[in-house]
Amino acid sequence: MAPRDDDPRFLRSREAIVTAAREALLAHGPGAVTHARVAEQAGIARATVYRHWPRTDQLLAAAMATVPMPFFDAPATPTREWLVQELTTLARELDHHDVRVVATTLAGTALWEDDADARRARFAAVLAGRLADALEAARARGEVELHTAPHDAAALVIGPLYYRATIERGTTDEHVIAAVVDSLGRWR
């Protein structure tokens with residue numbers, strides 16, 4: 001008989017698994033989120049972890065859903081320098097093999113699974129919204145004359161970093177980051 005979502009034992013084990021996966025993710029990165037490691041840290045059987053999340057990418061996605069997304073969450077002025085710093089931080093994260101694997105796995109999984117696609121859509125909306133808000137505020141302060149719609153900015157500035165990291169398997173340098181930021185508009 002399959003466990004029910006309202007079964008207290010099912011809920012306790014699920015919570016213990018997510019907590020252990022989150023701790024492993026934050027302490028050691030995405031590569032540390034394995035069924036064996038999470039089971040050991042949660043103090044439960046590996047089979048229990050597999051019962052909740054049959055695939056590692058699903059387990060990792062559940063852990064990632066509990067971690068706040070740090071990118072573009074605290075705009076600062078001058079906006080151009082803040083944006084360069086944020087994109088540099090993102091690019092350095094994408095330099096890590098495990099992060100590239102997670103990014104491409106989650107993007108690929110979203111093509112086939114509704115839950116993953118919903119997470120992808122929320123993630124994209126948060127990033128696009130934060131960046132659009134920061135650019136609108138910069139425009140209102142007279143910092144930039146935008147050449148693009150603010151809601152398109154995330155695709156224009158994150159896209160090249162993602163491409164460089166995942167398709168080319170390269171590192172995005174400061175010249176590329178400056179070029180993508182400058183492509184958004186004329187900074188004053």
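User: Which hand, left-handed or right-handed, does the crossing of H5 past H9 have?
Analyst: This is a predicted model, in which local features need pLDDT of at least 70 and side-chain atom pairs count only at pLDDT 80 or more, while totals for chains, interfaces and linings use all residues. Residues are numbered from 1 along each chain as its sequence is written, and side-chain values use heavy atoms, with hydrogens and water left out. A crossing is left-handed if the near helix is turned anticlockwise from the far one by less than a right angle, and right-handed if clockwise. H5 passes H9 in a crossing that is right-handed.

User: Which residues of H9 make the contact with H5?
Analyst: Helices are DSSP runs (H or I, at least four residues), numbered from the N terminus. Contact means heavy atoms within 4.5 Å. H5 contributes Arg80, Leu83, Val84, Leu87, Thr88 and Ala91, and these meet, on H9, Ile177, Ala178, Val180, Val181 and Asp182.

User: How are H5 and H9 oriented to each other?
Analyst: Axes are lines fitted to C-alpha atoms, for helices over the stretch in contact, and angles run from 0 to 180 degrees between N-to-C directions. H5 (residues 79–94) and H9 (residues 174–182) have axes 10 Å apart and pack at about 130 degrees. Angles under 35 degrees count as roughly parallel, over 145 as roughly antiparallel, 65 to 115 as roughly perpendicular and the rest as oblique. The packing angle therefore makes H5, relative to H9, oblique.

User: Which residue of H5 forms a salt bridge with aspartate 182?
Analyst: A salt bridge is a side-chain nitrogen of Lys or Arg within 4 Å of a carboxyl oxygen of Asp or Glu. Here the closest N and O atoms of aspartate 182 and its partner arginine 80 are 2.9 Å apart. Aspartate 182 lies in H9, so the pair ties together parts 102 residues apart in sequence, the H5 partner being arginine 80.

User: Is aspartate 57 buried or exposed?
Analyst: Buried means under 20% relative accessible area, exposed over 50%, partly exposed in between (1.4 Å probe, protein chains only). Aspartate 57 forms a salt bridge with arginine 55, with the closest N and O atoms 2.9 Å apart. Arginine 55 has a relative accessible area of 32% and is partly exposed. Aspartate 57, at 17%, counts as buried.

User: How many residues apart in sequence are the parts tied together by glutamate 113 and arginine 55?
Analyst: Arg55, Asp57 and Glu113 are linked in a network of salt bridges, and the closest N and O atoms of glutamate 113 and arginine 55 are 2.8 Å apart. Glutamate 113 lies in the loop between H6 (97–110) and H7 (114–140) and arginine 55 in the loop between H3 (46–52) and H4 (56–64), so the separation in sequence is 58 residues.

Methods. Helices (H or I, at least four residues) and strands (E, at least two) are DSSP runs, numbered from the N terminus.
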